[in-house]
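Reader: I am new to this structure and would like a close look at a single part of it. Could you take one sheet, go through how its strands are arranged, and then set it within the rest of the chain?

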Amino acid sequence: MTDNIEIVHRSCAICEASCGLRVHVNRAEQRVERIDGDDDDPRSRGYLCPKAYAMKEIYEDPDRLRRPLRKRADGSWEELDWEQALDYAAERLQAVRDAHGAQALGYYIGNPTGHNAGGQLYVQPLIMSLGTPRSFSAATMDQFPQNVALREMVGDGWMMPVPDLDHCDYFLCLGGNPLASQGSLMSAPNIGKRLRALREAGGRVVVLDPRRTETAEVASQHVFIRPGTDAWFLLAFVNVLFAEDRVRPGRLAEFTDGIDEMRALSEEFTPEAVAPITGIDADLTRRIVREFCDAKRPVCYGRIGLCTQEFGTLASWLVYAIDALTGRLDAVGGMMFTRPATGNAEPGPEAEPMSVGAYRTVLRGLPEVDGQLPCGAMAEEIEEASAGDARMRALITVCGNPVLSAPNGPRLASALEELDFMVAVDIYLNETTRHADLILPSTVQLEHENYDFLFQTTSIRNMARWSPAVFEPEPDTMDHWRILLELGARYVGTTAEDLDAAMVRTMAGGLVGPGTRCPEVTPEQALEAIGETMGPMRLLDLMIRSGPYGDGFDDTSSGLRMETLRNLPHALDLGALEPRLPGVLKTPGRRLRLAPEYLTADLSRLRASSDRRLDDGRMLMIGRRQMRNMNSWLHNLPHLARGRNRCTLLMSVKDADRLGVRDRESVRVRSRSGHLDVECEVTDAMMPGVVSLPHGFGHGREGTRLGVANQVQPGVCSNDLTDELPLDVPSGTHIANGIPVEVERLV
Ligand SMILES: Nc1nc2c(c(=O)[nH]1)N[C@H]1C(S)=C(S)[C@@H](COP(=O)(O)OP(=O)(O)OC[C@H]3O[C@@H](n4cnc5c(=O)[nH]c(N)nc54)[C@H](O)[C@@H]3O)O[C@H]1N2
Ligand SMILES: Nc1nc2c(c(=O)[nH]1)N[C@H]1C(S)=C(S)[C@@H](COP(=O)(O)OP(=O)(O)OC[C@H]3O[C@@H](n4cnc5c(=O)[nH]c(N)nc54)[C@H](O)[C@@H]3O)O[C@H]1N2
Ligand code: SF4
Ligand SMILES: [Mo]
């Protein structure tokens with residue numbers, strides 16, 4: 001190692017695992033020489049995956065935008081300075097509002113927002129300023145059914161229990177492939193090692209998935225399940241729990257409602273009754289239930305394959321209900337609630353009932369659920385033919401690529417052309433942002449400090465971590481939080497400083513004073529303590545100092561504050577997860593609600609579809625994640641893009657024989673919403689009748705500036721086939737798994 005190499009410790013901001021990294025920086029040349037895992041990080045212990053290198057390649061990517069771009073009348077782009085660009089955005093948005101009302105505006109918040117504390121905290125003032133109910137995000141292609149289930153069961157949709165993975169001895173995994181995704185709503189670096197350790201200690205890992213995944217390969221047992229039928233399997237699980245007298249809620253019983261309802265509602269779903277639907281033999285179902293109950297510390301976990309399916313809310317709810325009925329919710333080695341340093345999972349007032357239908361989409365009357373509209377309804381809200389005069393006329397996208405990630409992307413792409421104005425807060429000119437009138441690019445991961453804000457709430461151990469910027473941002477660039485704040489402020493005709501001050505004051509008012517953890521502290525004292533430097537770190541300092549591990553704004557206390565974290569090169573381990581119930585429940589009367597009516601009402605829809613769900617020989621398409629992708633946006637990086645075409649359709653040997661398709665031949669796949677041609681991979685890892693296509697591809701479109709993605713791994717877009725019409729009704733989430741398709745050989 002030469003003298004001019006400096007090592008910067010920080011966490012990786014690409015996926016939820018948030019591994020500790022050592023970034024080797026050549027200061028003289030302003031370059032990252034190498035990125036490796038940080039052996040001293042208590043969470044990741046030296047682990048990293050190939051995507052860590054993306055942080056370097058994003059920073060260096062010549063295609064990445066550094067300055068605002070405005071579309072000229074002829075469709076070409078011109079650079080603007082920030083003042084001009086932000087004023088232009090505000091003027092155009094105001095013009096739409098003044099002519100048609102705030103409701104004519106809408107926004108879409110994409111996934112990388114969750115990986116940037118500045119993005120997460122400052123999207124709020126933007127949303128408040130816009131004051132429109134047309135709120136869309138990637139959540140309705142993701143975890144929203146889990147949010148809705150928890151909102152009803154524990155009163156807070158964002159208090160998400162995570163598997164206490166290092167202490168469990170039976171891990172039942174449905175609809176997650178943590179070896180590829182690196183764990184979702186379960187932040188745990190090096191999942192493979194953890195699952196192997198679990199097995200070596202005598203435990204079992206059981207995976208239910210229509211594909212024998214990378215996770216299934218390291219499991220004790222893999223069971224094929226027909227896509228979209230998990231709710232039936234889980235109802236049969238509950239049925240067996242009662243039938244065999246294995247319901248043991250333990251200490252939860254004191255504050256749990258709905259146990260008898262669970263018995264009654266599961267009665268008809270015997271393992272025999274559901275077997276023809278799920279494809280899982282009744283005896284096997286019983287064996288899984290018995291093994292689960294006989295284990296010392298079992299846990300049942302479900303993730304995206306369970307959410308983005310026709311009965312996503314029912315399936316998500318049943319996972320939590322099973323954990324509760326067996327006494328595994330809020331128990332060591334079970335599903336546990338974290339205790340984030342920022343105080344967002346502390347006891348608090350009872351929640352109001354969840355909002356449903358305060359706004360409804362124009363054409364289909366789809367209700368907002370807890371403030372969210374189905375992201376696949378964006379197109380119909382924009383199209384004049386669908387929404388007429390009430391249409392959405394302006395759109396703000398923030399770190400999102402819905403043309404590739406939302407269902408029926410082609411319909412959305414053409415709808416975007418009907419907008420009066422579109423502004424994209426994004427770093428690439430890609431499949432979505434090419435439709436914008438203005439693109440506002442932020443600084444990227446290595447150029448700003450960060451705090452693992454979201455992933456401290458889903459970590460399998462309590463933790464806190466601040467990460468430094470590796471490079472000074474280039475001149476004339478702007479941080480993500482600042483762009484969002486400026487957009488909001490200019491739109492309502494105030495300054496960023498004033499909007500920020502108002503937000504911080506409101507926050508402080510809620511965090512200190514009588515009835516809080518800091519009863520003696522006044523908001524003024526708290527504000528003085530956190531200083532005047534605007535931005536996310538000041539807000540986080542406020543939360544951390546008033547939070548459960550905080551110093552309470554007492555300089556003599558050894559409690560936590562941002563400064564403590566700034567001086568730590570690694571994640572701060574705040575200990576194993578501990579039981580939190582009933583203290584943190586926010587339901588009426590602080591009860592754990594096992595059978596809330598909003599959720600159980602959807603059982604009638606499930607029953608009505610039972611016949612349709614019998615195996616009728618249709619092919620069903622599911623998705624898959626791959627180690628070297630992150631949704632749609634890492635394909636422009638040479639290191640990750642290289643290698644053989646990964647965007648292939650996996651098909652079972654049985655189906656391939658039936659259709660006369662050979663390995664690596666192309667096939668045509670059709671659904672209600674579209675068709676595409678794709679290379680087929682024949683494998684014994686697929687359940688017969690099911691095909692799998694990864695999402696996030698479909699590059700190579702005219703007008704995009706993605707030199708590598710367009711050339712090296714363009715692929716096809718699975719969301720050309722997903723259908724925006726059917727929904728998981730209670731949550732308004734789309735179906736990305738279990739899409740009926742027809743596949744034919746291309747001759
Ligand atoms: N068929 C199918 N579709 C799916 C899924 C599936 O499993 N199957 N998964 C769904 C899920 S879980 C998700 S989360 C969504 C994701 O959906 P989206 O969030 O809409 O899409 P991403 O591909 O994550 O796109 C991220 C965007 O953010 C930009 N970006 C990245 N980093 C930064 C940054 O630092 N600053 C700024 N300003 N912009 C940045 C990228 O250029 C890109 O345009 O996709 C969903 N779509
Ligand atoms: N490398 C990489 N990591 C990622 C991402 C990425 O794109 N690439 N995306 C990130 C994001 S945004 C998210 S939300 C997380 C998601 O993290 P995970 O939930 O772990 O996502 P997947 O790997 O897609 O796993 C979903 C699994 O569900 C299975 N499945 C499909 N349909 C069904 C069904 O009906 N029933 C059952 N039981 N299983 C089904 C699929 O075969 C697949 O194995 O991953 C994150 N991590
Ligand atoms: S697993 Fe996720 S957090 Fe860890 S290095 Fe890979 S992308 Fe980064
Ligand atoms: Mo996601």
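Author: What follows is a walk through the open sheet and the helices that lie on it, and then a wider view of the chain. The model is a predicted one, and the description below should be read with that in mind.

The open sheet is built from 7 strands, which follow one another in the order β5-β4-β19-β18-β17-β6-β7, and their pairing is mixed. At its edges stand β5, residues 77-79, and β7, residues 135-137, each of which pairs on one side only. On average, and with direction ignored, neighbouring strands of this sheet are turned by 20° against each other.

Within this sheet, strand β18 (residues 421-425) and strand β19 (residues 438-440) run parallel and are joined by 3 bridges. One residue pair can be picked out here, since Val-423 has Leu-438 in β19 as its bridge partner.

Two helices can be followed against these strands. Helix α18, made of residues 480-492, packs on the sheet and touches β6, β17, β18 and β19, while its direction makes about 150° with that of β18. Helix α2, made of residues 82-100, lies across β4 (69-71), β6 (105-109), β17 (394-398), β18 and β19, and runs at about 125° to β19.

Elsewhere in the chain there is a sheet of another kind, a closed barrel of 6 strands that runs β25-β29-β26-β28-β27-β32, again with mixed pairing. In the barrel, neighbouring strands are turned by 45° against each other on average, direction ignored. Strand β26 (residues 649-652) and strand β29 (residues 690-692) run antiparallel and are joined by 2 bridges, and Leu-650 stands opposite Ser-692 in β29.

A helix away from these strands shows how burial can be arranged: in α9, residues 259-266, the buried residues are Met-262, Leu-265 and Ser-266. Seen down the axis of α9, these buried residues fall within an arc of 90°, and they therefore line one face of the helix. They pack against α8 (230-243), α13 (312-325), α23 (597-600) and α24 (603-613).

Taken as a whole, the chain has 27 helices and 32 strands. Its radius of gyration is 25 Å, close to the 27 Å that the globule rule gives for 747 residues, so the chain is as compact as a globular protein of that length. Buried residues make up 64% of the 747 residues. Among contacts between residues at least 6 apart in sequence, 74% join residues at least 24 apart.

Note on methods. Residues numbered from 1 in each chain as written. Chains lettered and ligands numbered in written order. Predicted model: local features only at pLDDT ≥ 70, side-chain atom pairs only at ≥ 80, totals over all residues. Heavy atoms only, no water. Pairing = 2+ DSSP bridges. Helix = DSSP H or I, 4+ residues; strand = E, 2+ residues; numbered from the N terminus. Axes fitted to C-alpha atoms, helices over the stretch in contact; angles between N-to-C directions. Rg over C-alpha atoms; globule rule 2.2 N^0.38 Å. Buried < 20%, exposed > 50% of the residue type's maximum accessible area, 1.4 Å probe, protein only. Contact = heavy atoms within 4.5 Å. Arc of directions from axis to C-beta.
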